[in-house]
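The following note sets out several points for a colleague who is beginning to read protein structures. Please keep the structure in view while going through them.

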Amino acid sequence: MNEQERTRWVELAQQDPAALSTRFVLDLNWLDAARYVFDRNCAEAIQIPDAVETNVEFIIKANRRQEEALHREFVRRFHNYVASAKTMVDNTRAVRTRWETQEFCQQCDERIEDTRRKPVVRFLQEMRNAMHHSQLPQIHRVTTFQPVPPGPNTVVPRLRLMVSTSALAAMHDWSRLARAYIDESADQYNVDMTVVVKGYHAVADALHEWFITEVKKARRGLLDDFDARRSELARLSSQ
């Protein structure tokens, strides 16, 4: 590296932390970290029924203390999930505020409004508020046995972690959309909380993927600038 190259390298290295494009890429990286937390909390919440279904001894012989421990652990994981859902919403809103363009802002408003109108989204958002400000949901286990083809004599357990519609009614004054979700999802007057998690997560995933794609399009110039500066730094460092 000659003197001119060294001077250029120092200049780039000093400018990099404050560069607009670096700040944009760092924002995307931190949003990706929030997505990781959100995804992991989802996986941990929905894995409990799957894990218990393979433990036939627990299903048959679980005592009251074991049942209560299972319910509390699920509530802990469900609480973590709804908290991380709020984190995703707030972090995404912050990234949008810092990097939106006029055209992207309009697209975002339309997409977010469409998402908010989905009953599962409204239900989980209101469930989060009820959990944080009123009480945790009263979980109970419902186990059924389903036949496995081809013979009717072979069955497998299906475990669901439910909240009764009466318990939900006592928790919160639900909006019209949230009540619609409860009415549509109730099975024998119970709502399956893992189905709630899976349903909300599918909607949130779609919105997140759309947001990342569109904000990168809107700020393509910043990504190009970041790549160009990092490539030049790498080239000079190899001299």
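1. Y189 is a convenient starting point: this residue lies in the loop between helix 8 and strand 3. The model under discussion is a predicted one. Although Y189 is not a glycine, its phi is positive, at about 65°. Y189 is also exposed, because its relative accessible area is 63% and the exposed class begins over 50%.

2. The loop holds a second residue of this kind. Q188 is placed between helix 8 (176-185) and strand 3 (190-192), and its phi, near 55°, is again positive in a residue other than glycine. With 65% relative accessibility, Q188 counts as exposed.

3. The overall plan may now be considered. The protein contains 10 helices and three strands. In sequence order, these elements give the pattern α-α-α-α-α-α-β-β-α-α-β-α-α. Of the 239 residues in the protein, 38% are buried. Among contacts with a separation of 6 or more, 79% are between residues 24 or more positions apart.

4. F123 illustrates the buried class. This residue belongs to helix 6, which spans residues 119-133. Why does F123 count as buried? Its relative accessibility is 0%, and the buried class covers values under 20%. Leaving aside residues up to four places away in sequence, F123 touches L168, W174, A178, Y181, I182, M193 and V196. The C-alpha atoms of F123 and R179 are separated by 7.6 Å, although the two residues are 56 residues apart along the chain.

5. Two arginines in helix 10 deserve to be read together. R229 is located in helix 10 (residues 220-237), and R230 lies in helix 10 as well. R229 is buried, with a relative accessible area of 9%, whereas R230 is partly exposed, at 37%. The side chain of R229 makes a polar contact of 2.5 Å with the side chain of S21. For R230, the C-alpha atom is 9.7 Å from that of T22, a residue 208 residues away along the chain.

6. The next point concerns empty space. Rolling a probe the size of a water molecule over the atoms reveals where such space is left. The largest pocket has a volume of about 530 Å³. Its lining consists of 21 residues, and V89, T92, R93, I112 and L207 are those nearest the centre. By class, the lining residues comprise 12 nonpolar, four polar and five charged.

7. Which helices each supply at least two residues of the lining of the largest pocket? They are helix 4 (64-99), helix 5 (102-116), helix 6 and helix 9 (193-218). Helix 4 provides the largest share of the lining, seven residues. Helix 6, already met as the location of F123, is thus also one of the contributors to this pocket's lining.

8. The final point concerns the cysteines. A disulfide is a covalent bond between the sulfur atoms of two cysteines. How many disulfides does a search of the whole structure find? The search finds zero. C105 is in no disulfide, and the nearest cysteine sulfur, belonging to C108, is 7.3 Å away. That distance does not meet the criterion, because a disulfide requires the sulfur atoms to be within 2.5 Å. C108 likewise takes part in no disulfide, its nearest cysteine sulfur being that of C105. C108 is buried, with 2% relative accessibility.

Note on methods: Residues are numbered from 1 along each chain as its sequence is written. This is a predicted model: local features need pLDDT of at least 70, side-chain atom pairs count only at pLDDT 80 or more; totals for chains, interfaces and linings use all residues. Side-chain values use heavy atoms; hydrogens and water are left out. Helices (H or I, at least four residues) and strands (E, at least two) are DSSP runs, numbered from the N terminus. Buried means under 20% relative accessible area, exposed over 50%, partly exposed in between (1.4 Å probe, protein chains only). Contact means heavy atoms within 4.5 Å. A polar contact is a pair of N or O atoms within 3.5 Å; within protein, one must be able to donate a hydrogen and the other to accept it, and residues adjacent in sequence count only if both atoms are side-chain atoms. On a 1 Å grid over the protein atoms alone, a cavity is a set of points where a 1.4 Å probe fits but cannot get out, and a pocket is an open set with protein on both sides within 12 Å along at least five of seven lines; lining residues have an atom within 4 Å of a point. Grid points are joined across faces, edges and corners, and a volume is the space filled by probe spheres set on the points. Ala, Val, Leu, Ile, Met, Phe, Trp, Tyr, Cys and Pro count as nonpolar, Asp, Glu, Lys and Arg as charged, and the others, Gly among them, as polar.
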